[in-house]
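I opened the notebook to look up the aromatic rings first, and after them one sheet. The entries follow in the order in which I made them.

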Amino acid sequence: PFASADDLCKDKEGNIYILDSGNSRVVKINADMELLEVIDLSELELVEPQGICFDKEGKLYVADKGAKAVFVCTPQGKLIRKILKPVSDIIDEKTDFAPVKCLVDSNMILYVLSFGSFEGAYTFDESGDFLGFFGSNKVNVTQQLLSDRFWRLFATSAQRERMYRYVPIEYKNFCIDESNFIYTVSNFGEQEAEGQVKKLNPLSKNILFLGRKPD
């Protein structure tokens with residue numbers, strides 16, 4: 001039985017891979033829900049894995065929030081490399097790297113969602129080198145935001161430090177299609193707003209309803 005099924009993905013043949021993090025394994029089944037294979041991940045010493053994906057060469061990626069790393073493995077679950085928090089001028093030293101979801105496009109670019117990150121997805125090349133951020137949400141403009149911006153003009157430095165900071169909402173999940181368009185889901189809480197579901201092109205532009213209105 002599954003101990004904790006936290007994520008799943010599918011290959012071109014329609015087979016389904018289920019991350020059973022509680023048992024440190026990936027369970028492979030076919031479209032008829034028949035067991036095909038069990039990939040043992042116990043050698044990786046996972047802490048809190050939450051996301052998996054495969055690249056076009058069959059390598060397995062495991063996003064581990066607790067280990068603060070993405071594990072790159074062979075199709076059999078043997079470790080190839082571990083991707084940790086990048087060192088970059090555009091990343092705050094205080095920012096935590098806590099991978100929760102990952103995907104790889106046809107160009108072997110790895111995209112990683114990190115818990116609590118509002119800059120968008122971390123991107124890495126095939127060697128694990130950091131490329132930058134992709135597709136950050138914009139700050140949702142509300143009446144409260146406009147009011148706070150007005151009063152901030154008259155506030156002292158100490159008062160501004162105590163005022164609420166408005167940052168973009170983080171993505172909760174994402175997936176990719178055959179043409180490398182990335183679909184994202186964001187949780188805006190009780191507020192309904194455009195952009196909760198997006199289709200992003202390589203330039204991070206939302207083209208979900210480009211040229212037409214949603215049904």
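**Aromatic rings**

I looked up F134 and found it buried at 9% relative accessibility, where buried means under 20% relative accessible area with a 1.4 Å probe, protein chains only. I note that this is a predicted model, in which local features need pLDDT of at least 70 and side-chain atom pairs count only at pLDDT 80 or more, while totals for chains, interfaces and linings use all residues. Residues are numbered from 1 along each chain as its sequence is written, and side-chain values use heavy atoms, with hydrogens and water left out.

I then searched the whole structure for aromatic pairs and got nine, counting rings of Phe, Tyr and Trp (its six-membered ring) whose centres lie within 6.5 Å, with planes under 30 degrees apart taken as stacked, over 60 as edge-to-face and the rest as tilted. For F97 and F124 the ring centres are 6.4 Å apart and the planes stand at 65°, so I entered the pair as edge-to-face. Both F97 and F124 are buried. Y111 and F134 have ring centres 5.3 Å apart and planes at 75°, so this pair is edge-to-face too. I also listed one aromatic cluster, formed by F97, Y122, F124, F130 and F133.

**A charge over a ring**

I found K65 over the face of F115, at 3.9 Å from the ring centre; the criterion is NZ of Lys or CZ of Arg within 6 Å of the ring centre and within 35 degrees of the ring normal.

Terms used
Buried < 20%, exposed > 50% of the residue type's maximum accessible area, 1.4 Å probe, protein only.
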